[in-house]
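Welcome! Here is a short tour of the structure shown below, with a word on how far to trust it.

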Amino acid sequence: MCNRFIFIVALAVVCIGVVSVSPAAAQTQSVEFFFKTSQAQLGVGESLEVEVWAKNLRRINALGGIVRFPTELAAAQNVRTGDSIVNFWVDGPRLDGDAVIFAGIIPNGFAGEEGKLFSAVFEGAGAGEAVLSFENLEAFLNDGQGTAMPVSGAPLTLAVTLQPQGAAVPVLADAIPPQPFELSVACAQEVYEGKCFVVFAAQDKESGVDHYEIRERRLHGLGVLKIGVGKWYRAQSPQLLRDQQLKSRVEVRAIDAAGNKRAVFIEPMRALAWYEDIGAWLLITLGIVLFVVVVVSRIRRKIVRIGTPRSDR
Amino acid sequence: MRNVLTALLIAALVTGAAIPVRVSRATDYSSSHFIIKDPVVEFGSGFGTSSGFQLWGALGQPSIGFTTTTAFGLQSGFFYFLGLPAVPDGLGASAVSQTQINLSWTDRSGNEAGFSIERKTGSGGTYAVIATTTSNVAAYSDSTLSAGTAYYYRLRSFNIDGFSSYSAESSATTQSAPPPPGGGGGGGGGLPPPSGTSVIFRGRAYPASYVTVLKDGQIAGLTKAGPDAMFEITVSSISAGIYSFGIWAEDIKGYRSPTQTFITSLVSGATSVISGIFLAPTIATDKTEVKRGNVIDIFGYSAPLANVSVIISSDEELLKKTPADTAGAWLYKFDSFEVSYGDHAARSRSVVVNDISDFSKTVTFQVGTRDVYGQPPTKCPKRADLNADCKVNLVDFSIAAYWYKRALSAAFALIEKDRLNGDGLINLQDFSIMAYYWTG
């Protein structure tokens with residue numbers, strides 16, 4: 001009787017073990033989001049960089065969520081995306097009160113198992129245990145159907161103390177501008193009611209792209225001697241073009257978190273008409289002036305000749 | 001003589017005025033059953049009546065888009081055929097940077113609905129549609145090209161009646177040397193990236209196929225595989241760091257392989273080599289539905305003389321094998337009697353010596369009571385191509401990003417329903433679908 005009981009228990013344990021490691025269980029392995037940091041303590045007024053990672057990412061092509069933090073204990077100052085595995089950000093990563101919101105895609109799915117999504121720099125604000133947690137996490141499989149994967153997030157507790165803890169954020173030694181990127185001008189009914197816009201996305205492997213600026217200039221002149229004026233202003237892809245006649249050179253520059261800049265441009269889709277080109281008018285004006293000068297000078301010479309007595313000619 | 005001519009002219013005028021042609025006005029014809037609201041020209045045959053009406057006109061859509069699925073437009077009256085639009089001429093191609101060629105042409109037609117632009121790489125390439133414009137457009141910028149490459153273009157106008165003839169061909173070669181600071185286009189200004197850091201990709205695709213390399217989701221290079229399906233492509237002048245590379249190929253019929261992805265950490269100044277790449281075969285079927293007992297052709301391209309395994313998903317998986325020929329083409333004639341009625345799927349993979357490819361895309365078909373020869377699978381992505389340019393890339397991403405967390409317009413809601421997840425919103429799941437169909 002006792003031996004039979006032991007046998008039944010052992011059989012049950014074996015069965016549970018088999019089910020736990022069965023292929024079916026492995027296929028529903030959840031995507032796990034977690035934090036990485038050099039230390040778990042910081043003093044009030046000190047800064048600490050906290051990285052956000054995820055694992056079990058093979059064949060995942062889209063992920064997003066929210067990082068929540070208690071601003072009275074540890075407040076996020078800025079976000080960095082350098083060396084992120086995410087190629088294109090749908091939203092953020094951006095600060096929004098007591099949260100960092102993020103959502104992005106990896107076209108054709110991630111080929112690795114785990115990777116860094118972004119990092120945030122936190123500053124100690126008040127003594128206590130600051131718990132950083134995840135909310136609204138999502139991850140989707142690269143199967144063409146947008147199949148949602150199970151997700152989980154491990155929180156991080158930072159001990160914020162009144163005494164300094166030696167926490168410091170390394171100075172960004174980034175002297176390399178963002179990588180060259182391309183601009184595409186498109187006019188689609190689906191966006192901006194059919195008006196033309198420009199799309200762009202740069203990568204920066206060091207400190208990450210911080211923001212973009214755009215400038216449109218109509219270039220006037222002849223041959224290689226062309227000039228134009230225009231002001232830089234903040235931009236976001238897709239950026240509505242101010243010159244809907246597409247006669248301006250469109251310039252976009254990506255600025256990374258360290259302030260390095262990379263500017264690229266696209267030539268105008270359409271050329272200026274001759275009467276729109278200031279260079280042409282300058283040429284015409286020059287021609288007229290020269291003509292007038294020549295004519296006036298000839299007239300004056302004639303007048304002088306008429307006034308000169310025949311005997312002196 | 002002059003008098004004779006004058007007399008003849010007067011006679012012609014009088015005769016013409018005497019022909020009983022009468023243009024009726026609205027409501028001239030009516031009955032208790034119908035009223036003709038549009039003018040009808042009748043040649044002296046009397047008034048139409050309700051007991052025996054005759055249709056003198058016809059209803060037609062005078063231009064493409066006059067009637068859509070969301071807006072019905074009716075315009076009847078004097079019926080006319082648009083006729084084919086005139087051929088555009090004066091096509092010019094001008095390379096303005098390493099990656100951009102600007103096209104311009106003269107619009108000679110007044111009745112076109114738009115222009116269809118085609119491109120081929122090199123004089124020996126095959127033309128494929130790269131863009132479709134709306135009417136009254138005379139310029140286009142092709143800006144995702146490879147440096148130092150000759151491209152050929154042609155275009156034609158179209159309307160509801162069909163296409164015009166092709167324009168004359170025009171070609172341009174993109175710039176090959178990096179532009180000097182402050183000049184050129186596409187990458188001018190700022191410091192150049194550190195030199196010497198590069199990555200070489202080597203592997204096997206399909207004979208004479210075009211192989212595209214994506215770097216972090218954007219096209220970084222394009223090459224043509226040899227007749228033996230082997231290819232090599234170098235991506236250079238990039239900075240160190242971790243990159244996500246993707247490679248896909250298009251066979252000579254225009255079918256695309258799935259994208260094979262790699263995560264690579266590049267060291268500054270070093271050249272990394274990724275070799276042994278073996279792209280999955282392309283796959284398609286000749287029918288969307290096959291009568292049970294009939295044969296359905298499953299075919300595609302792979303490396304020459306590869307051993308292709310075709311896996312048909314049913315109640316049980318069926319494994320079939322067929323060899324590719326010297327041109328890389330393979331074909332398996334599957335007897336549908338082997339599976340039950342219902343929906344099935346097929347995919348394939350190839351083996352060459354000791355190399356095994358990944359699985360191909362999955363194609364679906366139905367075993368039923370009739371043969372339905374479907375249209376050949378479109379060369380364009382089935383979904384996520386929001387601007388209908390046969391690509392899924394940053395432009396589509398930007399269009400979706402514009403609508404992210406916004407109420408969709410009625411027009412875009414139709415596009416979302418047709419090409420994304422159809423839930424009436426743009427959310428992260430839609431972007432996941434887009435990321436799957438990404439072509440760069």
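## How confident is the model?

Among the elements of chain B, strand β25 (residues 329–335) of chain B has the highest mean pLDDT, 96, and strand β2 (residues 41–42) of chain B the lowest, 40. Here pLDDT is the predictor's confidence in each residue, from 0 to 100, and strands are DSSP runs of E, at least two residues, while helices are runs of H or I, at least four, both numbered from the N terminus.

Chain B averages a pLDDT of 77, and 74% of the residues score at least 70. The value stays under 50 over residues 16–80 of chain B. Where pLDDT is low, the predicted coordinates should not be read in detail. For the complex, the predictor gives an ipTM of 0.77 and a pTM of 0.67.

This is a predicted model, in which local features need pLDDT of at least 70, side-chain atom pairs count only at pLDDT 80 or more, and totals for chains, interfaces and linings use all residues. Residues are numbered from 1 along each chain as its sequence is written, and chains are lettered from A and ligands numbered from 1 in the order in which they are written.

## Where the chains meet

The contact takes 51 residues from chain A and 53 residues from chain B; two residues are in contact if their C-beta atoms, placed from the backbone, lie within 7 Å. On the side of chain A that touches chain B, β20(A) gives the most, with 6 residues.

## Around one methionine

Met434(B) touches Ala384(B), Val392(B), Asp396(B), Phe397(B) and Ala400(B), not counting residues up to four places away in sequence.
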